[in-house]
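Work through the exercises below with the sequence and the model open. Each task is followed by a solution in steps.

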Amino acid sequence: IHGGVWAAFGLHPWFRFLDARFPGSSVRAVSCKVFLHHSVCNPFAYLPFFYLGNGALRGRSLEEIRSQAEAEYWSTLLYIWKIWVPFTVVQFGLVPERHQILFVALANLGWNTLLSLIYNARSR
């Protein structure tokens, strides 16, 4: 659920914005897209949405969700950066814009499975 909603209402408009602001796949354009994606989108949109969505689906209170997010936020964000920065360089540099959502959606299937396993292991 999270991946589909995120791709449709988060990533699609975000990638369109990035491509309009920094068109093409030059080193400068790719660098700007990667930097903004990982310094704005992931810390302030993706990760909070992930914790809220998963917590809500599990019937957790806002306090429980906030507590878990506070405990795990920085380590999870660092993990995101380690895995996804190289991936987004390839994505923005080699994948045409019209295929980027599909490219990310396929990778997100594996990523969200891993993140959910981590999320659930820590919340027991």
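**Exercise 1: Salt bridges in helix 3**

R66 is partly exposed, with a relative accessible area of 38%. The model is a predicted one, and the exercises use values computed from it.

Task: Determine which residues are linked with R66 in a network of salt bridges.

Solution.
1. Take E63 to begin with. Its salt bridge with R66 has closest N and O atoms 2.5 Å apart, against a cut-off of 4 Å.
2. Check the spacing of this pair. E63 and R66 are three residues apart in helix 3, so about one helical turn separates them.
3. Turn to E70. The side chains of E70 and R66 also meet in a salt bridge, at 2.5 Å from N to O. These two residues are four apart in helix 3, which means a separation of about one helical turn.
4. Join the pairs: E63, R66 and E70 form one salt-bridge network.
5. Classify the two acidic residues by accessibility. E63 has 46% and therefore counts as partly exposed. E70 counts as exposed because its value is 52%, and the limit for exposed is over 50%.

**Exercise 2: A salt bridge between helices**

Task: The structure holds three salt bridges. For the one between D19 and K33, state which helices are linked and whether the two residues are buried or exposed.

Solution.
1. The closest N and O atoms of D19 and K33 are 3.0 Å apart.
2. D19 belongs to helix 1 and K33 to helix 2; the residues are 14 apart, and the pair links distant parts of the chain.
3. Both D19 and K33 are buried.

**Exercise 3: The contact made by E64**

Task: Find which backbone atom the side chain of E64 reaches.

Solution.
1. Locate the residue: E64 is part of helix 3.
2. Its relative accessibility is 44%, so E64 counts as partly exposed.
3. The side chain of E64 reaches the backbone nitrogen of S61, at 2.8 Å.
4. For contrast, take S31. It is 33 residues from E64 along the chain, and the C-alpha atoms of the two are separated by 37 Å.

**Exercise 4: Two cysteines**

Task: Explain why C41 is not bonded to C32.

Solution.
1. The cysteine sulfur closest to that of C41 belongs to C32, at 16 Å, which is too far for a bond.
2. The cut-off for a disulfide is 2.5 Å. The count of disulfides by this rule is zero, and C32 is in none.
3. Compare the surroundings. C41 is buried, its relative accessible area being 5%, whereas C32 at 21% counts as partly exposed. The limit for buried is under 20%.

**Exercise 5: Core and aromatic residues**

Task: Identify which residues have the most contacts inside the largest nonpolar core, and which aromatic cluster includes Y46.

Solution.
1. The largest nonpolar core has 24 residues, and F15, Y46 and Y51 have the most contacts inside it.
2. Helix 1 (2–21), helix 2 (27–57), helix 3 (62–94) and helix 4 (97–122) each give two or more residues to this core. Helix 3 supplies the largest share, eight residues.
3. Now the rings. The count of aromatic pairs is seven. One of them joins F50 and Y51 edge-to-face, with 5.7 Å between centres and 80° between planes.
4. F50 and Y51 are both buried.
5. Y46 belongs to one aromatic cluster with F50 and Y51.

Note on methods: Residues are numbered from 1 along each chain as its sequence is written. This is a predicted model: local features need pLDDT of at least 70, side-chain atom pairs count only at pLDDT 80 or more; totals for chains, interfaces and linings use all residues. Side-chain values use heavy atoms; hydrogens and water are left out. A nonpolar core is a set of buried Ala, Val, Leu, Ile, Met, Phe, Trp, Tyr and Cys residues joined through side-chain atoms within 4.5 Å. Buried means under 20% relative accessible area, exposed over 50%, partly exposed in between (1.4 Å probe, protein chains only). A polar contact is a pair of N or O atoms within 3.5 Å; within protein, one must be able to donate a hydrogen and the other to accept it, and residues adjacent in sequence count only if both atoms are side-chain atoms. Rings of Phe, Tyr and Trp (its six-membered ring) pair if their centres lie within 6.5 Å; planes under 30 degrees apart count as stacked, over 60 as edge-to-face and the rest as tilted.
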